[in-house]
Amino acid sequence: MANPPHGGVLKDLIARDAPRRKELYDEAEKLQAIVLTERQLCDLELILNGGFSPLEGFLNEKDYNGVVADNRLADGALFSMPITLDVSQQTIDNLGIKAGARVALRDFRDDRNLAIITVDDVYRPDKQKEAKEVFGGDPEHPAVKYLYETVQEFYVGGKLEAIDRLEHYDYVGLRYTPAELRLHFDKLGWSKVVAFQTRNPMHRAHRELTVRAARARQANVLIHPVVGLTKPGDIDHFTRVRVYQALLPRYPNGMAVLGLLPLAMRMGGPREAIWHAIIRKNHGATHFIVGRDHAGPGKNSKGEEFYGPYDAQYAVEKYRDELGIEVVPFQMMTYLPDSDEYKPKDEVKEGIRTLDISGTELRKRLRTGQEIPEWFSYPEVVRVLRESHPPRSQQGFTIFLTGLTNSGKDAIARALNVTLNQQGGRSVSLLLGENVRSELSGELGFSREDRDRNIGRIAFVASELTKAGAAVIAAPIAPFEQARQHARELVEKYGSFYLIHVATPLEYAEKTDRRGIYAKARNGEIKGFTGVDDPYEVPQKADLTVDISKSNVRTAVHQIILLLEAEGLLEQL
Ligand SMILES: Nc1ncnc2c1ncn2[C@@H]1O[C@H](COP(=O)(O)OS(=O)(=O)O)[C@@H](OP(=O)(O)O)[C@H]1O
């Protein structure tokens, strides 16, 4: 038998309300609806399927206050994370949200009504208190930032009735609800299950750790990775799930099961560890691994940890009797090359050689294509990671040339296009200012606002192409620093961005202008022309500055190629 859920009863609202589904569906069609955000949707899914038992809805003020202050719902039950439905004053007014009202909760992805909330109360949370008590208060903590920057001013509390489950289109077969997982364990005859939480790829150390934890208790393993929302910058869940799938056959004798958890993490360290344990208990696990710095968000900008390395372990220890799931505290595993085995760090005798590869080092090796040794990970796992992290020579990038009309930026862009095509290995996209203007920005003029919009479009296209692995060459005037910076930020989400300032002086650009465009600007035929009667902000930190009046197009292209070469972006021929 699987572990009893938190509070004794699995609050599987989907199953509970199934007989009334049609009735609720029809009612919701006539109700006002709150369209849920991504995080609210994740929370809703785990309320509806019982993953957050004993919750049956979003917290009302009494429960919220108890959870924030004391890790307790109003009835005294242990619960450590405030699960709240935040709305703006405008939404409250528009939808007429007040105590007693029934409001539909809608999925923004497909406009389906998933539940009805009967409103208990609408209240204004003390965000400062929530930030401090729940997350420790550091304004740089991602959940605190989210609380201040994204969460609306009011919370709506109330119980839910379930209309339907959320639709998923990825890894459907691995998305077990708590009830499904419990049934699965029953079918397998598993009575002891050690759950392992992760938001990262798993390697040999994790496999050794989980097998060790299970063997010591004659238990099985639930690999229970988070696929809802994790920390920005984490490896995407698509890649991670392929990693877990590749790792699974490495467990002895079918010891482990893989199930995906649609949780929106808060990176709340100790609070999060208690919450995670409750969630795993609800999914039927009897044991839960809590490692070093469990669910911690790393360091703040001053280099300080948000939590102590073992704060999460102390927190679960404090509530061990009430938790009803045995917490397995774990040290970091380290590799002992002389005996070719993994051991928890605290069990390694002094003087014994150990080897580790940090997350940063791993990312570097993936980026550069450097070897990842077999003692660290399995070849099939590394293969999956390499597919999603091609070496620099196969990654996309954007060369963003900025400068005055006839500065030579277009000639450099065209010549670079030819040079990169000759090199091969990537598709090359050329976004010349005038082409973008005719194909994408036909309705825009040359006011600051329109220019920003134009650069915004170029940045969007460049970032999408960079994501797809292309070499992008953009050559608009882009006279404003802010818009160029925005373009950099957008592209750098997916690849490298290089700002090339074509700093050919105005006099030269004007003197050599065979199209007569400067003449038109001078005699007033074209108004607000950059360099003539409209400003050009000189880039503060260009990656390269070239000047056609002093050298030539060939030299400029060569300099750019050398830059790309030095960055490892060009195939080593
Ligand atoms: N008022 C005014 N100011 C500046 N440029 C003007 C203007 N009117 C038309 N043009 C011609 O439009 C071409 C494309 O400009 P951009 O899209 O690169 O400008 S911006 O980056 O949006 O500011 C640009 O050509 P290239 O510089 O050759 O691309 C200009 O010649």
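Me: Two strands count as paired if DSSP finds at least two bridges between them. With that in hand, and keeping in mind that this is a predicted model, which residue in E17 is the bridge partner of Ile399?
Reply: Start with the strands: E14 covers residues 397–403 and E17 covers residues 496–502. They pair in the parallel sense over 7 bridges, so they clear the two-bridge bar. Ile399 falls in the E14 stretch, and its partner across in E17 is Tyr498.

Me: Which helix packs on that sheet, touching E14 and E17?
Reply: Look at residues 481–492. That helix touches both strands, and its direction makes about 155 degrees with that of E17. The name you want is helix H19.

Me: How are the strands of that sheet ordered, and by how many degrees are neighbours turned against each other on average?
Reply: The sheet is open, has 5 strands with parallel pairing, and reads E15-E16-E14-E17-E18. E15 (428–432) and E18 (544–546) pair on one side only, so they are the edge strands. Ignoring direction, the average turn between neighbouring strands is 15 degrees.

Me: There's another open sheet, with E7 to E11 in it; what is its order, and what is the average turn between its neighbouring strands?
Reply: Again we have 5 strands paired in parallel, this time as E9-E8-E7-E10-E11. The edges are E9 (256–258) and E11 (326–329), each with pairing on one side only. With direction ignored, neighbours here are turned on average by 25 degrees.

Me: Which residue of E11 stands opposite His287?
Reply: E10 spans residues 287–290, and 4 bridges tie it to E11 in the parallel sense. His287 belongs to that E10 stretch. Facing it in E11 is Glu326.

Me: Which helix lies across E7, E8, E10 and E11?
Reply: It is the one built from residues 204–216. Its direction is at about 155 degrees to E7 (193–198), and E8 (220–225) is also among the strands it crosses. That makes it helix H9.

Me: On to the ligand: how many residues surround it?
Reply: The closest ones are Thr405, Arg437, Arg451, Ile477 and Ala478. By type, the shell splits into 9 nonpolar, 5 polar and 7 charged. The total around the ligand is 21 residues.

Me: What fraction of the ligand's exposed area does the protein bury?
Reply: Consider the polar atoms first: ligand oxygens sit 3.0 Å from a side-chain N or O of Lys409 and 3.3 Å from one of Arg515. A ligand nitrogen is 2.9 Å from a backbone N or O of Gly528. Taken alone the ligand exposes 620 Å², and the buried share of that is 93%.

Me: Which elements give two or more residues to the shell around the ligand?
Reply: Three stretches qualify: 409–423, 433–439 and 448–467. In order, these are helices H16, H17 and H18.

Me: Which two residues does a cis peptide bond join?
Reply: Most peptide bonds are trans. Here omega is about 15 degrees, and the proline involved sits in the loop between H3 (38–48) and E2 (57–58). The pair is Ser53 and Pro54.

Me: Which side chain does the Glu56 side chain make a polar contact with?
Reply: Glu56 is found in the loop between H3 and E2. Beyond its sequence neighbours, Glu56 is in contact with Lys11, Leu13, Arg16, Ile47, Lys159 and Leu160; Leu160 is 104 residues away in sequence but 6.1 Å away C-alpha to C-alpha. The polar contact, at 2.7 Å, is with Lys11.

Me: What is the phi of Asp111?
Reply: Most residues other than glycine have a negative phi. Asp111, in the loop between E4 (102–107) and E5 (113–123), is not a glycine, yet its phi is positive, at about 60 degrees.

Note on methods: Residues numbered from 1 in each chain as written. Predicted model: local features only at pLDDT ≥ 70, side-chain atom pairs only at ≥ 80, totals over all residues. Heavy atoms only, no water. Near = heavy atom within 4 Å. Polar contact = N/O pair within 3.5 Å; in protein donor to acceptor, adjacent residues only side chain to side chain. Areas by Shrake-Rupley, 256 points an atom, 1.4 Å probe, with all protein chains shown as cover. Helix = DSSP H or I, 4+ residues; strand = E, 2+ residues; numbered from the N terminus. Nonpolar A, V, L, I, M, F, W, Y, C, P; charged D, E, K, R; others polar. Axes fitted to C-alpha atoms, helices over the stretch in contact; angles between N-to-C directions. Contact = heavy atoms within 4.5 Å. Lists of a residue's contacts leave out its neighbours within four places in sequence.
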